[in-house]
Amino acid sequence: MKKADIPLFFATLQAANPHPQTELEYGSHFQLLAAVLLSAQATDAGVNKATRRLFPVAGTPQAMLDLGLAGLEEHIKTIGLYRSKAKNLLATCAILVERYGGQIPRTRQELEQLPGVGRKTANVVLNVAFGEPTMAVDTHIFRVSNRTGLAPGKTPLEVEQRLLQRVPQEYALHAHHWLILLGRYVCQARKPRCWECRVSAWCDYRPKTPPPA
């Protein structure tokens, strides 16, 4: 994608959705962190279904610790890898209570030291909770960045670094949400819905998928 086309690409996405939001449901910074941790290799819809039952009874780090491993597993057993996620989430809750008074730390270094929290999760929390212009590269963003030519890279970190270089500052805060939604609903993995895409004019993907007969 030509550098001159990138502002047009994002201006079009912004016009269609001026204030994009994460599709994960949460009521606090801790609940956001927990939901993102649970969402690894799972759908947002599947996580929301579980957390709608979990958060009303265990919506804080201490309440989740009080729930215990068996209780937490029972609430999230519909989510993939739920046993390892439950252990990581409880270990994270213990650290939040002991070191941070139950609050979420605000630096990448501190977030990535929490069990089950990697770079992508930290980026989501920094962006959604604290308004930092991070790029949380998931499978959707990785695919869209490479397929469109926006920010090609062989690894998520390489794509993230290219996005940080190429996305204009005025679009940086919401860029990863626009790209996730584009990949989730339009630029899909098996068959991109090019005929529905608002930004196809600036996309390098060829040949464009024709509309269904």
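**Exercise 1. Determine how many cavities of 30 Å³ or more the model holds, and which residues lie nearest the centre of the largest cavity.**

Step 1. A cavity is defined on a 1 Å grid over the protein atoms alone as a set of points where a 1.4 Å probe fits but cannot get out, with grid points joined across faces, edges and corners and a volume taken as the space filled by probe spheres set on the points. By this rule there is one cavity of 30 Å³ or more, and the largest cavity has a volume of about 90 Å³.

Step 2. The structure is a predicted model, in which local features need pLDDT of at least 70 and side-chain atom pairs count only at pLDDT 80 or more, while totals for chains, interfaces and linings use all residues. Residues are numbered from 1 along each chain as its sequence is written, and side-chain values use heavy atoms, with hydrogens and water left out.

Step 3. Lining residues have an atom within 4 Å of a point; the largest cavity is lined by 14 residues, of which T148, C187, C194, C197 and C203 lie nearest its centre.

**Exercise 2. Identify which residues UniProt places under the feature "binding site", and examine the surroundings of C197 and C203.**

Step 1. The unreviewed UniProt entry places this feature at C187, C194, C197 and C203, and such annotations, given in the numbering used here with shortened feature names, may be inferred rather than shown by experiment. These positions span 17 residues in sequence, yet no two of their C-alpha atoms are more than 10.6 Å apart, so they gather at one spot. The lining of the largest cavity takes in C187, C194, C197 and C203 from this set.

Step 2. C197 lies in the segment after α10, helices being DSSP runs of H or I with at least four residues, numbered from the N terminus. C197 is buried, with a relative accessible area of 18%, where buried means under 20% with a 1.4 Å probe and protein chains only. Leaving aside neighbours within four places in sequence, C197 is in contact (heavy atoms within 4.5 Å) with L182 and V186.

Step 3. C203 also has its place in the segment after α10 and is buried, at a relative accessible area of 9%. With neighbours within four places in sequence again set aside, the contacts of C203 are R147, T148 and K208.

Step 4. R147 in turn lies over the face of Y205, at 5.1 Å from the ring centre; the rule requires NZ of Lys or CZ of Arg within 6 Å of the ring centre and within 35 degrees of the ring normal.

**Exercise 3. Establish which helix gives the most to the lining of the largest pocket.**

Step 1. A pocket is an open set with protein on both sides within 12 Å along at least five of seven lines, and about 550 Å³ of space lies in the largest pocket.

Step 2. The largest pocket is lined by 26 residues, of which S39, D44, K120, D138 and R184 lie nearest its centre.

Step 3. At least two lining residues come from each of α3 (44–54), α7 (119–128), α8 (139–148) and α10, and α10 gives the most, with five residues.

**Exercise 4. Find which residues form one aromatic cluster with F10.**

Step 1. F9, F10, Y171 and W178 form one aromatic cluster.

Step 2. F10 and W178 are both buried.

Note on methods:
Buried means under 20% relative accessible area, exposed over 50%, partly exposed in between (1.4 Å probe, protein chains only). Rings of Phe, Tyr and Trp (its six-membered ring) pair if their centres lie within 6.5 Å; planes under 30 degrees apart count as stacked, over 60 as edge-to-face and the rest as tilted.
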